[in-house]
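Visitor: I should like to take a close look at a single part of this structure. Please show the sequence and the model.

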Amino acid sequence: MSLLFLLSLVPLVASADNGMDMSMDGSMNLAVGQMLPYLHFTSGDVLWFLGWVPQSTGAMVGTCIGLFLLAVVERWIAACRAIMQAHWAKRALIVQANKMNGRGLPLSSSTPDLKKQTSSTSTVIKEAATLRSALPFILSHDIVRGILYAGQAALQYAFMLAVMTFQVGFIFAIVVGLGVGETLFGRYAIHATHIA
């Protein structure tokens, strides 16, 4: 009887083993490359697309040069954003000042109805003093700001995916590229924040 019971469990045990090795100890075999879950110098990692798997030394060097240049471009975009932000802030303040002048601030107190003018002047001054500190929405500024930020964020996510391959060459190229880019363009971003 117990032998029959054990024999009836054999199909259940066999169906639980579907042939997939679910252990996380080794590398993950992909169609063309391997994903090693630790820092390594070996080639064969998939970078962003299944078709981009640098296998040879030349391909690895080319990929690292490309990542380096992309990192420099990311820092250039950050500097451009900072410079343009300072420029847009000045222009927005001009627009805001023109809007306040268009409300009719009195130019002199030589009008006959001084009491009415003083009342409207104090109302306009009170409104100007309580304006929010955010600059006004200007479509041409804010669309370009959004596009620059989206480009910079896309590059940062691409770098994150490259770093997640654990390929030391990729990581080193990105870090050195960001450092060189900051060296070349960081002063423009700092200068722009002091201007605004």
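Is glutamine 152 buried or exposed, by its relative accessibility? Please describe its surroundings as well.

Guide: The model is predicted, so local features need pLDDT of at least 70, side-chain atom pairs count only at pLDDT 80 or more, and totals for chains, interfaces and linings use all residues. Residues are numbered from 1 along each chain as its sequence is written, and side-chain values use heavy atoms, with hydrogens and water left out.

Glutamine 152 counts as buried, because its relative accessibility is 7%; buried means under 20% relative accessible area, exposed over 50%, and partly exposed in between, with a 1.4 Å probe and protein chains only. Glutamine 152 is placed in helix H4; helices are DSSP runs of H or I with at least four residues, strands are runs of E with at least two, and both are numbered from the N terminus. Beyond its neighbours within four places in sequence, glutamine 152 contacts Glu74, Arg75, Ile77, Ala78 and Arg81, where contact means heavy atoms within 4.5 Å. Leucine 155, with residues up to four places away likewise not counted, touches Leu70, Val73, Glu74 and Ile77.

Two of the residues that glutamine 152 contacts, Glu74 and Arg75, also pair with each other. Arginine 75 forms a salt bridge with glutamate 74, their closest N and O atoms lying 3.8 Å apart; such a bridge is a side-chain nitrogen of Lys or Arg within 4 Å of a carboxyl oxygen of Asp or Glu. Glutamate 74 is buried at 2% relative accessibility, whereas arginine 75 is partly exposed at 23%. A salt bridge also links arginine 75 to glutamate 182, with 3.2 Å between the closest N and O atoms. Since arginine 75 belongs to helix H2 and glutamate 182 to helix H5, this pair ties together parts that are 107 residues apart in sequence. Glutamate 182 is partly exposed, at 36% relative accessibility.

Helix H4 has a salt bridge within itself: aspartate 142 and arginine 145 both lie there, three residues apart, about one turn of the helix. The closest N and O atoms of that pair are 2.0 Å apart. Arginine 145 is partly exposed, with a relative accessible area of 26%. Through shared partners, Glu74, Arg75 and Glu182 are joined into one salt-bridge network.

Isoleucine 147 offers a contrast in burial. This residue is also found in helix H4, yet isoleucine 147 counts as exposed, because its relative accessibility is 58%.
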